[in-house]
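Please open the model in your viewer and keep the sequence panel beside it, since each stop below begins with a selection. The tour is meant to be followed in order, at whatever pace suits you.

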Amino acid sequence: MYKTKIAGIGHYVPEQVVTNEDLSRHMETSDEWIQERTGIKERRYAKKFEETTSILGAKAAKIAIERAGITPDDVDFIIFATLSPDYYFPGSGVLMQRQLGMSKNEIGALDIRNQCSGFVYGLSIADQFIKTGMYKNILLVGAEMHSFGLDFSTRGRGVTVIFGDGAGAVILQPTEEENQGIMSTHLHADGREAEHLAFINPGAHGGVHNPEHDYGYPTKEENEYGGLFLTDKMWEEGDYYPNMNGKHVFKYAVTKFPAVIMEALQQNGHTPQDLKMLIPHQANLRISQFVQKRMKLRDDQVFNNIQKYGNTTAASIPIALSEAWEAGKIQRGDLVCLAAFGSGFTWGSALLQW
Ligand code: COA
């Protein structure tokens, strides 16, 4: 059986830099508060009415394809991870396929919705296809355009200051080389925590998961069938932004990250000291620092770039991996661990040799 290697990697972040100072002109927040709690100094926002999640994804994909030494026509499957798709449906994978001029080949395009864990989930899916020999060049993309759907009033500050736009992409290929490729992936979820980090409205939930909450659904007399996806009440109250119980997310993340990293290391007979590089999902610098300390990792073993980009959700790991590789911090054969945690809650890890 083959193993799966990363044959090409690339990332794209939009040009527009938005500092904490910039945000403080729209909401009551400060550079000091944001940096102290999250480590974030600035983030990027995509060009409104010009760029979308699938377009950011296509820009990263082009770089990964070129670096893998292939052409878009060689790609035989697409996996697209995002929580901010261009459309509710169809997924952004088909839009990126069209953007890259690959639609004529009619290759499959799978969208996955595992939020901050999307890239690790996608890598695990791709790994199964490659190992069995079904595909030879899988394009896996994590991309987000959060800036379109955030609340820039003071009410939204707990969430809005954290997130940024960007995209990362890899080309995955089979390898029979020793000391190269994905060794194992580990995926987890706990749906009991779903609403602690969620984009609930508009949606097709009909209030079923939270009967105590008044979503403002019309009576049968007012509207026999429709009016459920986005009610007047949701609209009037601006109840159509992401929700996050930050403290609860933090508490869970700092236990699940070390656990899922250790799971990957132990399965392969390694210890944290063996790691050349840990690439944690860039949720919050404080979370990464906590994990580093807990696992007794040196500074040079953990890569962080949340200071520049904020939390780019499904894009954060491939952007960080791409930057670490570009900076020469990861070389052929190095032991690398990717670890993610996010909405769902979902979390996961992948251990690989570069
Ligand atoms: N600027 C200034 N004040 C803010 C603020 C902002 N951007 N956001 C929230 N506050 C205020 C709150 O309103 C609250 O004020 P109050 O005490 O008067 O009510 C106070 O700061 C503390 O808020 P709280 O939410 O308790 O802060 P916190 O210490 O938990 O930090 C997070 C908030 C979001 C930074 C932190 O909980 C966190 O990072 N959680 C994990 C989030 C995460 O990683 N999400 C992505 C997962 S993939």
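What follows is a walk through a predicted model, from its domains to a few backbone details.

**The two domains**

Begin by colouring residues 3-175 as domain 1 and residues 181-194 together with 244-353 as domain 2, which is the division given by the domain assignment of the protein. If you place a marker at the C-alpha centre of each domain, the two markers lie 17 Å apart. Next, select the residues that face each other across the boundary: 44 residues of domain 1 are in contact with 39 residues of domain 2.

On the domain 1 side of this boundary, the elements to highlight, each giving two or more residues, are strand 1 (3-12), helix 2 (31-38), strand 3 (42-45), helix 5 (118-131), strand 6 (138-144), helix 6 (157-160) and strand 7 (166-175). Helix 5 gives the most to this side, with seven residues. Colouring the side of domain 1 that touches domain 2 by residue class shows 17 nonpolar, 17 polar and 10 charged residues.

**The five-stranded sheet**

Now show the open sheet of five strands as a cartoon and follow the order 1-7-6-4-5, in which the pairing is mixed. Strand 1 and strand 5 (108-112) are the edge strands, each pairing on one side only, and neighbouring strands of the sheet are turned by 20° against each other on average, with direction ignored.

Within this sheet, zoom in on strand 6 and strand 7, which run antiparallel and are joined by seven bridges. A convenient place to centre the view is A143, whose bridge partner in strand 7 is A167. Then add helix 11 (residues 316-326), which lies across strand 1, strand 6 and strand 7 and runs at about 90° to strand 1.

**The shell around the ligand**

Which residues of the shell are the closest to the ligand? Of the 21 residues that surround the ligand, select T29, R157, G246, A283 and G342, for these are the closest. Helix 2, helix 6 and helix 8 (246-267) each give two or more residues to the shell, and helix 8 supplies the largest share, five residues. With the domain colours still switched on, you can see that the shell draws at least three residues from each of domain 1 and domain 2. By class, the shell divides into 11 nonpolar, seven polar and three charged residues.

**Backbone details**

For the last stops, switch to a backbone representation and select N201 and P202, which are joined by a cis peptide bond with an omega of about -5°; P202 is found in the loop between strand 9 (197-198) and helix 7 (232-237). A cis peptide bond also joins G344 and F345, with an omega of about -15°, and F345 has its place in the loop between strand 12 (335-342) and strand 13 (346-353).

Move on to E106, which is not a glycine and yet has a positive phi of about 55°, in the loop between helix 4 (92-99) and strand 5. Finally, select T313, which is likewise not a glycine and has a positive phi of about 50°, in the loop between helix 10 (306-309) and helix 11.

Is each of these two residues buried or exposed? E106 counts as exposed because it has 8 C-beta neighbours inside 10 Å, whereas T313 is buried, with 32 other C-beta atoms within 10 Å.

Notes. Residues numbered from 1 in each chain as written. Predicted model: local features only at pLDDT ≥ 70, side-chain atom pairs only at ≥ 80, totals over all residues. Domains from an automatic or database assignment. Contact = placed C-beta atoms within 7 Å. Helix = DSSP H or I, 4+ residues; strand = E, 2+ residues; numbered from the N terminus. Nonpolar A, V, L, I, M, F, W, Y, C, P; charged D, E, K, R; others polar. Pairing = 2+ DSSP bridges. Axes fitted to C-alpha atoms, helices over the stretch in contact; angles between N-to-C directions. Near = placed C-beta within 6 Å. Buried ≥ 20, exposed ≤ 12 C-beta atoms within 10 Å, placed from the backbone.
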